[in-house]
Structure formats: structure tokens, C-alpha cells
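Me: Could you take a close look at one part of this predicted model for me? I'd like the long version, with the weak spots up front.

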Amino acid sequence: AARFCSSCRPRRTAMKLSIAIAALIMAASPVSGLRTSTCWADAGQSSGEVVAPVEKVLRLLEDLKTKLESEGAAEAMSAELRATEWQYAKEKAGYEASVADLSKAISNLDSAINAM
């Protein structure tokens with residue numbers, strides 16, 4: 001699988017949503033054999049409520065939108081966490097270099113004091 005940069009993720013999420021919307025619209029169109037005037041009980045509902053095909057597509061789209069938004073939020077948090085970890089590692093390396101330099105300076109000053 002190809003790896004994408006974090007700036008590509010929102011475009012990929014939007015593309016997934018566009019493809020899903022197109023597929024759902026095509027599935028509900030009269031060309032696919034479904035009659036839009038026919039109503040049936042939604043299989044996912046136990047109340048026996050009658051749902052029109054368009055309503056079912058709208059519900060599926062809302063569910064898909066919610067799912068994609070939550071995935072996008074999770075990806076954004078993951079990217080932010082990686083950036084924070086990278087910044088922490090960079091700062092830690094800088095601090096460790098400073099500690100080494102200061103330790104060497106203290107050692108040199110101790111040597112100079114002892115030589116006096």
C-alpha cells in the first residue's frame with residue numbers, strides 16, 4: 001500500500017466520501033432496477049417503520065459522513081502526536097548536546113582551578 005503525506009489524507013477522505021455518495025446514488029436510481037416510489041421496511045430497524053429508498057440512502061450517507069469524520073479526526077490527532085514526538089526528540093537531542101558541552105566546560109574550569 002502506498003504511503004501518503006498528512007496533507008493528502010483530507011483529500012483521500014473526501015475522495016472516499018465522493019465515491020461512496022456516487023455508489024449510493026447509483027444504487028438507489030431507477031436505472032438499477034429499484035423503483036423510487038416503492039417503500040419497504042428498513043432491515044436495520046426493529047420498529048417496523050416504513051422507509052423510502054431516498055431516506056435510506058440519506059441515512060447511509062449520514063452514517064458514512066460520521067464515520068469518515070471520525071476517521072479524519074483520528075488521523076489528524078495521530079499526525080499531531082507524531083509531530084509532537086518528533087519535536088520532543090529534536091529538543092531532547094539539543095538539550096543533551098548542551099549538557100555535554102556544559103559538562104566539558106565545567107571539567108575544564110575544574111582543571112584550571114586546580115592548576116592555580
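**A close look, starting with the weak stretch**

Reply: Let's start with residues 31-44, where pLDDT stays under 50 and the model has 24 contacts beyond four places in sequence. Where pLDDT is low, the predicted coordinates should not be read in detail. Strand 1, residues 40-41, has the lowest confidence in the protein, with a mean of 46, while helix 2 has the highest, at 88. Overall, the protein averages a pLDDT of 76, and 68% of the residues score at least 70.

As for the layout, the protein has two helices and two strands, and along the sequence they follow the pattern α-β-β-α.

Now for helix 2. This helix covers residues 53-115, 63 residues in total. At 1.5 Å a residue it should span 93 Å, and its end C-alpha atoms are indeed 93 Å apart, so the expected span and the model agree. The buried residues of helix 2 are Pro53, Val57, Leu61 and Leu68.

Leu68 leads us across to the other helix, since one of the residues touching Leu68 is Thr13. Thr13 is found in helix 1, which covers residues 9-28. Is Thr13 buried or exposed? Its relative accessible area is 18%, and buried means under 20%, so Thr13 counts as buried. Not counting residues up to four places away in sequence, Thr13 touches Leu68 and Glu75. The C-alpha atoms of Thr13 and Gly72 are separated by 7.0 Å, although these two residues are 59 apart along the chain.

Stepping back to the whole protein: among contacts between residues at least 6 apart in sequence, 39% join residues at least 24 apart. Buried residues make up 11% of the 116 residues. The accessible surface comes to about 9,200 Å², with 64% of that belonging to carbon and sulfur atoms.

Terms used. Residues are numbered from 1 along each chain as its sequence is written. This is a predicted model: local features need pLDDT of at least 70, side-chain atom pairs count only at pLDDT 80 or more; totals for chains, interfaces and linings use all residues. Side-chain values use heavy atoms; hydrogens and water are left out. Helices (H or I, at least four residues) and strands (E, at least two) are DSSP runs, numbered from the N terminus. The expected span of a helix is 1.5 Å times one less than its number of residues. Buried means under 20% relative accessible area, exposed over 50%, partly exposed in between (1.4 Å probe, protein chains only). Contact means heavy atoms within 4.5 Å. Accessible areas come from the Shrake-Rupley method with a 1.4 Å probe; for residues, only the protein chains shown count as cover. pLDDT is the predictor's confidence in each residue, from 0 to 100.
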